[in-house]
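Visitor: I would like to know how the terms used for a protein and its ligands are justified. Please show me an example.

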Amino acid sequence: MAESQTPTNRLARRGLMFILSSPSGAGKTTISRMLLDADDEIKLSVSVTTRPPRAGEIDGVHYYFVSDAEFDRMVEEDDFYEWAPVFGHRYGTPKGRIRNALKEGQDFLFDIDWQGTQQLFQKDQQDVVRVFILPPTIAELERRLRGRGTDSDEVIAARMERARAEISHWDAYDYVVINEDVDSCFAKVREILDAERTKRQRQTGLIPFVRELMA
Ligand SMILES: Nc1nc2c(ncn2[C@@H]2O[C@H](COP(=O)(O)OP(=O)(O)O)[C@@H](O)[C@H]2O)c(=O)[nH]1
Ligand SMILES: Nc1ncnc2c1ncn2[C@@H]1O[C@H](COP(=O)(O)OP(=O)(O)O)[C@@H](O)[C@H]1O
């Protein structure tokens, strides 16, 4: 059914910070891209990283790729909401205009690890929604990392070694979704996003709306 401009879907609401984390290879980049394609109301918070780009990754779209010296400068100038070392590189969320945009109802998607999730949650509990994606099995996780064809055997071994440590943070998330079938996983993630958008506290336009209903 086409969305019509009824009073209810014009209601003002506060944006949310939608975090997707997972052990490397479980599918968070795949799910993130599907979500960004399907939903116009959510924008990716593009992270800054010192890791070199993979084939097909575009600077400013998937990450901002910077040197170690540039990352140091950004840390010194307090340009990050949060940052963390992961797999021997550094990754950080630039402050940009996130706070103001949230007030205007813009949602942001964060593909960040558990360390960044904790930091964002401590700073801004009310706006953060934390979703953790798990692989169906460890063998399948390794198959996906190999199948992706972006990393050397050495890098894959390091990611597999870290996977158990990453999985151990599952209980610091609000939602946990197992990515067995990609379409079902994506459908679940969308349901979570829809439900979170409907939370009373986020719907700042409800007060005038309800007042009018009761008038
Ligand atoms: N804390 C934090 N983690 C990040 C950020 N950007 C990416 N990451 C995490 O760094 C890890 C490695 O990312 P990447 O090298 O792209 O490999 P991936 O695991 O295959 O997506 C993943 O767990 C990402 O979620 C960030 O800005 N902050
Ligand atoms: N449900 C799934 N079933 C099979 N392969 C998948 C599934 N989800 C993702 N993949 C594949 O697994 C690989 C790793 O996924 P990716 O999204 O890059 O993971 P992450 O960002 O968590 O490291 C990719 O090649 C992707 O196409």
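The talk below takes up the two ligands of this predicted model in turn, and then a record.

Visitor: What makes the pair of Asp-113 and ligand 1 a polar contact?

Guide: A polar side-chain atom of Asp-113 lies 2.8 Å from a nitrogen atom of ligand 1. A polar contact is a pair of N or O atoms within 3.5 Å, so this pair counts. Arg-54 also has a polar side-chain atom, 3.0 Å from an oxygen atom of ligand 1.

Visitor: How do you know that Gly-116 belongs with them?

Guide: Here a backbone N or O atom of Gly-116 lies 3.5 Å from a nitrogen atom of ligand 1. The cut-off is within 3.5 Å, so the Gly-116 pair is taken as a polar contact. As for cover, ligand 1 has 560 Å² of accessible area on its own, and the protein covers 99% of it.

Visitor: Which elements give two or more residues to the shell around ligand 1?

Guide: They are helix H1 (28-38), strand E5 (80-86) and strand E6 (89-94). The shell around ligand 1 has 20 residues, and Ser-47, Arg-51, Tyr-63, Glu-82 and Tyr-91 come nearest. By kind, the shell divides into six nonpolar, six polar and eight charged residues.

Visitor: Why is ligand 1 said to sit in the largest pocket?

Guide: A molecule sits in a pocket if more than half of its atoms lie within 2 Å of the pocket's grid points. Ligand 1 sits in the largest pocket, so it passes that test. Ligand 2 sits in the largest pocket as well.

Visitor: What makes Thr-30 a polar contact of ligand 2?

Guide: A polar side-chain atom of Thr-30 lies 2.5 Å from an oxygen atom of ligand 2. That is within 3.5 Å, so the pair qualifies. Backbone N or O atoms come into play too: that of Lys-28 lies 2.9 Å from an oxygen atom of ligand 2, and that of Ala-26 lies 3.4 Å from one. Ligand 2 exposes 570 Å² when taken alone, and the protein buries 75% of that.

Visitor: Which elements each supply at least two residues of the shell around ligand 2?

Guide: H1 and helix H5 (138-148) do. In all, 16 residues surround ligand 2, with Gly-25, Thr-29, Thr-30, Arg-148 and Asn-179 the closest.

Visitor: Which residues does the annotation "domain: Guanylate kinase-like" cover?

Guide: In the unreviewed UniProt entry, that annotation covers residues 15-194. In the model, the span is 42% helix and 24% strand, and its end C-alpha atoms lie 12 Å apart.

Methods
Residues numbered from 1 in each chain as written. Chains lettered and ligands numbered in written order. Predicted model: local features only at pLDDT ≥ 70, side-chain atom pairs only at ≥ 80, totals over all residues. Heavy atoms only, no water. Near = heavy atom within 4 Å. Polar contact = N/O pair within 3.5 Å; in protein donor to acceptor, adjacent residues only side chain to side chain. Areas by Shrake-Rupley, 256 points an atom, 1.4 Å probe, with all protein chains shown as cover. 1 Å grid on protein atoms, 1.4 Å probe; cavity = no way out; pocket = protein on both sides within 12 Å on 5 of 7 lines; lining within 4 Å. Helix = DSSP H or I, 4+ residues; strand = E, 2+ residues; numbered from the N terminus. Nonpolar A, V, L, I, M, F, W, Y, C, P; charged D, E, K, R; others polar. UniProt positions renumbered as here; feature names shortened; annotations may be inferred.
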